[in-house]
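Visitor: Hello! I would like a close look at one part of this model, the place where the ligand is held. Could you walk me through it slowly?

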Amino acid sequence: MPKLVIRGKNRLAGKITVQGSKNSSLPIIAATLLAGGEYHIDNVPDILDVRKMLGILKDLGSRVDFTDSKLIIRTADRIDSGDMPDCRKLRASILMMGVLMGRRGCFDMPYPGGCRLGTRPVNYHIAGLKQYGAMIEETESSIFGKCDSLTGCEYTFAYPSIGALENMILAGVLATGSTILNNCAKEPEVCDLCDFLRKMGAKIYGDGTDTIVIEGVDKLTPADYVIPGDRIVAGTYMIACAAVGGNILIQKIEPRRVRYLTKLLKKTGCHVFTDSVNNEIITLADGGGRAVPYICARPYPEFPTDLQPQTMVLLSVLHGSSKLKDEVFVERYGTAKELAKMGADIQVEEDGVYIKGSARLTGTTVKAGNLRQGAALVIAALAADGITIIEECRHIMRGYEDIARDMRRLGADIVWKNETENVDISG
Ligand code: EPZ
């Protein structure tokens, strides 16, 4: 597994274009199974999770051509029941439940994989699909579902789960009759999926609010789409600038998608200028801002859990004490242990993470552990004295096309190395 070698303390300056959104691309790729024919999808990020999702589509008879962020998918007119071993390799494969239930009334798949963020149950997915009249069985390692004809229903989510909502939408667009979904997730990625499905002919109303209504249709047709910029990747780079200091311009990102982070960075003393016409954001920071006393990750439009590890790093180097909590993935505090190795004064308690701030981080060898923890440790390394080696970087490649390429464009001293290559950390 490749590693990253980073020499810290370079201020960031320059401009980069952010990649397309991973969490918009994955459900939209799954949705192409709902109708046979050819789809042209642009600005798709070339990341491991996209490649794995395309592998699942190929197992089901789709033909795929993916170069330079342009994706052409040719979905078969009939979907053969194929084994889908790649389902174990990512969480988003859970969406095969809804899309195959919607297209052919049955699915048989291994449990999904994904980042270790605590247990990742699928009970909301199963409870919802049963409301459509589906019969679902679970074994130790797989889930099987069958429904001769999906009937529209009303379902209230016990928690605004993004994936469970996406599954209910993917199954409901071809159901007979209307479906009403309550207590829905409002993330932009759900709205992107609904935009794409409406272009395919689906009738969906209310996405981005608590209640979504779907009028089932008999047939959908292929559509083309351009994936919006990735708000978590853009947010990662904005936080990096706030942590080390600099002046960066990020292009192809809708400012409203990172508005909560923008508010937070301004509170720490950063200047953030947004341009909603050209979809650009400028972040200016001197790198020594003041911490905010309390941040809690909650469902959109509140602070996103996928920026929580990166924010933990920022709070470690800003001046002042703070508390950080995650109400989405309550065990997602693994970054603290790696950060402590670098000198952060940080304590994980029952009710959240307590951070002293003003840490002078020092380079050492750390482990990425999972996707966003890995991205957070890149920020820590950029802010640290000396050289940091980040191991297990395959996790980072699941969601970032090339974080070293992007950071180098902004002036960072960061390179990829093979796992076995020696690194001189004396310099
Ligand atoms: C999506 O995961 C994202 N993944 C995650 O991004 C993101 O962290 C998460 O939403 C929350 O924003 C994709 O979109 C591919 P959830 P998902 O269902 O759908 C619990 C990244 O870094 N839950 O909204 O799996 C669950 O354990 C990844 O890009 C149940 O209890 O998240 C969690 O505590 C990581 N039962 C909470 O709900 C269920 O059946 C939110 O999960 C489903 C979820």
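Visitor: To begin with, where does the ligand sit?

Guide: Happy to show you, and please keep in mind that this is a predicted model. The ligand sits in the largest pocket. There are 22 residues around the ligand, and those that come nearest are Asn123, Tyr124, Ser161, Asp306 and Val328.

Let's go through some contacts one by one. The side chain of asparagine 123 places a polar atom 2.6 Å from a nitrogen atom of the ligand. From glycine 163, a backbone N or O atom lies 2.9 Å from an oxygen atom of the ligand. Proline 121 also takes part through its backbone, with a polar atom 3.3 Å from an oxygen atom of the ligand. As for how covered the ligand is, it exposes 830 Å² when taken alone, and the protein buries 89% of that.

Now look at the kinds of residue in the shell around the ligand: 9 are nonpolar, 7 are polar and 6 are charged. You can also ask which helices they come from. Helix H1 (22-31), helix H4 (123-131), helix H5 (162-172) and helix H11 (371-383) each supply at least two residues of this shell. The largest share comes from H4, with 3 residues. Asparagine 123, whose side chain we met at 2.6 Å from a ligand nitrogen, is the residue at which the range of H4 (123-131) begins. Glycine 163, with its backbone contact to a ligand oxygen, falls inside the range of H5 (162-172).

Notes: Residues numbered from 1 in each chain as written. Predicted model: local features only at pLDDT ≥ 70, side-chain atom pairs only at ≥ 80, totals over all residues. Heavy atoms only, no water. Near = heavy atom within 4 Å. Polar contact = N/O pair within 3.5 Å; in protein donor to acceptor, adjacent residues only side chain to side chain. Areas by Shrake-Rupley, 256 points an atom, 1.4 Å probe, with all protein chains shown as cover. 1 Å grid on protein atoms, 1.4 Å probe; cavity = no way out; pocket = protein on both sides within 12 Å on 5 of 7 lines; lining within 4 Å. Sits in = over half its atoms within 2 Å of the grid points. Helix = DSSP H or I, 4+ residues; strand = E, 2+ residues; numbered from the N terminus. Nonpolar A, V, L, I, M, F, W, Y, C, P; charged D, E, K, R; others polar.
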